[in-house]
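Student: I should like to understand how the descriptive terms applied to a structure are justified. May we go through some of them in turn?

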Amino acid sequence: MAPAPIDESIVDVVEQKKDTLKLPESTRERLIKAGVDLSEGYPYRPSKPLYLQDVYKIRGEEREYIDAGSRADKSKKNLFEAASKVTDLTAHIGTEIEGLQLKDLTPEQRDELALLIAERSVVFFRNQEITPQQQLELGKWFGEPEVHPQTPQVPGLLGVTVIWPDLFATERPASFRKPGGASSWHSDLVHEKQPAGVTHLHNDIVPPIGGDTLWASGYGAYEKLSPDFRKIIDGKLAVYRSAHPYLDRENPSAGPQFLERIHPLVRVHPATGWKALWVNRAMTVRIVGLDKAESDLILGYLYDVYEKNVDIQVRFKWTPNTSVLWDNRITIHNASWDYAGKHPRHGNRVTSLAEVPYFDPNAPTRRQALGLLDEEEKEALGLIAGDAKDFSL
Ligand SMILES: O=C(O)CCC(=O)C(=O)O
Ligand SMILES: [Fe+2]
């Protein structure tokens, strides 16, 4: 007799309940206090779609998007005057704000925060008391929260993803030499028709040592290129792929396939109007129109520029209950796995989807817009007359 088919809904629930047992006590208390129903287990795991064709249909239509930062008061006075301290962590990327609770921001402060994230790429808030519901509500201000067809979510709150590396580590054991997917330079959801804008990760429990996250600036990476090289990549399109694989319904035996979408290699942020390099080693497949060898060469160089220039990067040491908001349009990030699951690290994440990426050849770079270019760069960009010194050295 053939074995009885497995009821997958029961398997899901059993697995979720098993996961819940590992939940750190402080996280459990926080979730229960927020009214999250843990009785069916945590996290909730959506049934994964099997076929590429079905996943392409998710958010396949263009949606209206207005960047919150583009309506902000440019001085950001409502945000800055209410904060007790605002500290830039490096010259080019990363700002920490103290004395504000994200859950209490006014509409004006939310818009100004969106502009600050667009300018500084990543903004840090320690000691936040914020429920997953409030996090989702804030995320809606910045764009449509992405509901992921694959990743674990907070029960009853679709759009609030669970970032709990201990959980993934049991599924796909990570090691010192081969850490998990988030421990490589990437940006989130590049395969979407309207990829991720702001991601807000709130980590309620973090290891005392390790588990830092790094971000690198796409504005800075673009500006590291010589003006002549910028001309080569300006306006070029590239293929970007999803992190998760699916099967092709027409050809399932071809094995796992990724979603792919074409977007500009250099894009302009709608709130700042500044150009940013938009590639990442994990998910940019190739530059459209070039031979594979040419594309590999150029992309390899662009990844190196992005990943190796420490002056356009920030490395952040988390403390419990810290919220970090970053803009995926102008950054790549990388989560260090150096604590190797030896201490719990748990967070909730809301990612707001943004515009269809676009390029504008006349847009300035960040340092150009802020008046930070030196004479040599101005000359190479043709902004001032000069004696045509070789800028490329
Ligand atoms: O855990 C982190 O610090 C970041 C993980 C990550 O890549 C993400 O949430 O998009
Ligand atoms: Fe990520």
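Tutor: Let us begin with two helices of this predicted model. The axes of helix α5 (residues 107-120) and helix α6 (residues 132-142) come within 10 Å and cross at roughly 65 degrees.

Student: Why is α5 called roughly perpendicular to α6?

Tutor: Angles of 65 to 115 degrees count as roughly perpendicular. The axes of α5 and α6 cross at roughly 65 degrees, and therefore α5 is described as roughly perpendicular to α6. The crossing of these two helices, α5 and α6, is right-handed.

Student: Which residues surround ligand 1?

Tutor: Among them are Ile 163, Asp 188, Trp 318, His 333, Arg 345 and Arg 349. The shell divides into six nonpolar, three polar and three charged residues.

Student: What makes the approach of Arg 349 to ligand 1 a polar contact?

Tutor: A polar contact is a pair of N or O atoms within 3.5 Å. An N or O atom in the side chain of Arg 349 is 2.5 Å from an oxygen atom of ligand 1, so the pair meets the definition. Polar side-chain atoms of two other residues also lie at such positions: Arg 345 at 2.7 Å from an oxygen atom of the ligand, and His 333 at 3.1 Å from an oxygen atom of the ligand. The protein covers 96% of the 290 Å² of accessible area that ligand 1 has on its own.

Student: Where is Pro 43 found?

Tutor: Pro 43 belongs to the loop between α2 (25-33) and α3 (52-57). The peptide bond from Tyr 42 to Pro 43 is cis, with omega near -5 degrees.

How values were computed
Residues are numbered from 1 along each chain as its sequence is written. Chains are lettered from A and ligands numbered from 1 in the order in which they are written. This is a predicted model: local features need pLDDT of at least 70, side-chain atom pairs count only at pLDDT 80 or more; totals for chains, interfaces and linings use all residues. Side-chain values use heavy atoms; hydrogens and water are left out. A residue is near a molecule or strand if one of its heavy atoms lies within 4 Å of it. A polar contact is a pair of N or O atoms within 3.5 Å; within protein, one must be able to donate a hydrogen and the other to accept it, and residues adjacent in sequence count only if both atoms are side-chain atoms. Accessible areas come from the Shrake-Rupley method with a 1.4 Å probe; for residues, only the protein chains shown count as cover. Ala, Val, Leu, Ile, Met, Phe, Trp, Tyr, Cys and Pro count as nonpolar, Asp, Glu, Lys and Arg as charged, and the others, Gly among them, as polar. Axes are lines fitted to C-alpha atoms, for helices over the stretch in contact, and angles run from 0 to 180 degrees between N-to-C directions. Helices (H or I, at least four residues) and strands (E, at least two) are DSSP runs, numbered from the N terminus. Angles under 35 degrees count as roughly parallel, over 145 as roughly antiparallel, 65 to 115 as roughly perpendicular and the rest as oblique. A crossing is left-handed if the near helix is turned anticlockwise from the far one by less than a right angle, and right-handed if clockwise.
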